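Before reading on, take a moment with the sequence and the model, and turn the model slowly until its helices and strands can be told apart. The paragraphs below are meant to be read with both in view.

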Amino acid sequence: MKEAQYMHGSLQHVERIAAFSDGDVGGNPAGVWIGDTLPPDAEMAAVAHAVGFSETAFAAPRGEAWRVRYFSPESEVAFCGHATIALGAALARRFGDGRFDLTLNAAQISVEGRKEGERVAASLQSPPTRSSPAPAALVEAALALFGYTRADLDARIPPAIAHGGNDHLVLALNSREALARMYYELEAGRRLMNGHGLVTIVLAWAETPQRFHTRNPFASGGVLEDPATGAGTAAFAGYLRDIGWPHGGRIEVVQGEDMGMRSRLTAEIGDEPGSSIRVSGSARTMQ
């Protein structure tokens with residue numbers, strides 16, 4: 001009974017914020033819990049499951065920084081971009097505009113928040129990035145999962161494992177129509193992603209060299225699809241740098257359109273290989 005009361009209290013403490021919104025609509029809902037000390041692991045997992053969003057961020061002060069952990073409804077993840085943006089918005093509303101240093105399980109990053117009326121503009125600095133060619137067997141399995149063939153791929157952006165705090169499989173498609181018809185069975189996707197250590201699969205279509213449309217299946221976390229994925233965008237941007245894509249130092253990403261939750265993300269790409277990606281967007285408080 002006492003544990004249930006503690007969990008209920010933590011659940012009441014959660015702010016609900018949509019990150020990477022398109023003005024007053026869209027974005028990816030995240031839970032944000034801020035307290036003096038982090039709850040026990042089991043309680044954080046239970047709260048995230050009860051909230052039901054793809055991720056909930058838990059933050060508590062540690063020295064001059066904030067200790068942050070992220071939980072999906074089914075598992076803990078090392079890094080979550082949209083929940084970090086939501087956390088930056090919550091911290092800015094609580095403590096004023098500024099930069100906040102974050103200590104994750106395996107990285108030190110930061111997030112900035114700046115109030116703009118009812119919304120907050122936020123930017124995160126991702127963990128370091130890296131990429132490698134995707135194994136052929138994994139690519140074939142992923143294509144089969146979604147009902148694609150090699151003919152649906154954009155040869156300019158070969159399939160890859162891209163890392164920006166987590167591992168993501170990148171599959172670049174050669175048409176908007178192919179992206180729009182993405183479909184898969186959740187349990188089959190969960191087996192594939194968990195079996196290969198993938199957090200999401202980034203499906204991307206290049207409208208222009210600097211503007212992409214993406215979709216992010218997140219079966220590893222029990223979520224069919226995310227409407228905005230900052231971690232996946234950071235990993236993807238780092239991969240584009242690795243292959244010498246003409247990004248011009250910045251890409252814009254539109255995500256969530258096919259879910260009816262249009263979201264907008266911006267990634268700034270520095271010249272140094274493997275360096276952090278700055279991912280920015282707007283955040284709105286949900287009613």
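What follows goes from one helix to a group of aromatic rings, then to the enclosed and open spaces, and ends at one charged side chain. The model is a predicted one, and what is said about it should be read in that light.

A good place to begin is helix 7, which covers residues 230–242. At 1.5 Å a residue, the 13 residues of this helix should span 18 Å, and because its end C-alpha atoms are 18 Å apart, the expected span and the modelled one agree. Is helix 7 enclosed by the rest of the structure or left open? Since 12 of its 13 residues are buried, helix 7 is largely enclosed by the rest of the structure. The buried residues run through Gly230, Ala231, Gly232, Thr233, Ala234, Ala235, Phe236, Ala237, Gly238, Tyr239, Leu240 and Arg241. After the helix comes Gly244, whose phi is positive, near 70 degrees.

From the helix we can turn to the aromatic rings, for which the count comes to 8 aromatic pairs. One of these pairs is formed by Trp33 and Phe58, whose rings are tilted, with 6.1 Å from centre to centre and 40 degrees between the planes. Because Trp33 lies in strand 2 (residues 28–34) and Phe58 in strand 3 (residues 56–62), this pair ties together parts that are 25 residues apart in sequence. Both members of the pair, Trp33 and Phe58, are buried. Phe58 also forms an aromatic pair with Phe71, and here the arrangement is edge-to-face, with 5.9 Å from centre to centre and 85 degrees between the planes. Phe71 belongs to strand 4 (residues 65–71) while Phe58 belongs to strand 3, so this second pair ties together parts that are 13 residues apart in sequence. Phe58 has a relative accessible area of 0% and is therefore buried, and Phe71, at 5% relative accessibility, counts as buried because the limit for that word is under 20%. Taken together, the ring pairs link Trp33, Phe58 and Phe71 into a cluster.

The next topic is empty space. Rolling a probe the size of a water molecule over the atoms shows where such space is left. How many cavities of 30 Å³ or more does a search of the whole structure find? The search finds 2. The largest cavity holds about 90 Å³ of space, and of the 14 residues that line it, the closest to its centre are Glu55, Phe79, Cys80, Thr229 and Ala231. Helix 7 appears again here, for helix 3 (81–95) and helix 7 are the elements that give two or more residues to the lining of the largest cavity. By class, that lining has 5 nonpolar, 7 polar and 2 charged residues.

The second largest cavity holds about 30 Å³, and its lining includes Arg176, His213, Glu225 and Met259. Helix 5, strand 13 (211–218) and strand 15 each supply at least two residues of this lining, with the largest share, 3 residues, coming from strand 13. The lining divides into 3 nonpolar, 4 polar and 5 charged residues.

Open pockets can be followed in a similar way. The largest pocket has a volume of about 220 Å³, and of the 15 residues that line it, Arg264, Leu265, Thr266, Ser280 and Gly281 are the closest to its centre. Strand 15 (250–255), strand 16 (263–268) and strand 17 (278–285) are the elements that give two or more residues to its lining, and the largest share, 4 residues, comes from strand 15. In this lining 3 residues are nonpolar, 6 are polar and 6 are charged. The second largest pocket, of about 180 Å³, is lined by 13 residues, of which Arg114, Ala121, Ala122, Ser123 and Arg278 lie nearest its centre. Strand 17 contributes here as well, since strand 6 (98–103), strand 7 (108–116), strand 8 (119–125) and strand 17 each supply at least two residues of the lining.

The last stop is Glu177, which is found in helix 5 (residues 176–180). A polar contact of 3.0 Å joins the side chains of Glu177 and Arg181. The C-alpha atoms of Glu177 and Ala57, which are 120 residues apart along the chain, are separated by 34 Å.

Definitions and conventions. Residues numbered from 1 in each chain as written. Predicted model: local features only at pLDDT ≥ 70, side-chain atom pairs only at ≥ 80, totals over all residues. Heavy atoms only, no water. Polar contact = N/O pair within 3.5 Å; in protein donor to acceptor, adjacent residues only side chain to side chain. 1 Å grid on protein atoms, 1.4 Å probe; cavity = no way out; pocket = protein on both sides within 12 Å on 5 of 7 lines; lining within 4 Å. Points joined across faces, edges and corners; volume = space filled by probe spheres on them. Nonpolar A, V, L, I, M, F, W, Y, C, P; charged D, E, K, R; others polar. Expected span 1.5 Å × (residues − 1). Buried < 20%, exposed > 50% of the residue type's maximum accessible area, 1.4 Å probe, protein only. Phe/Tyr/Trp six-rings, centres within 6.5 Å; stacked < 30°, edge-to-face > 60°.
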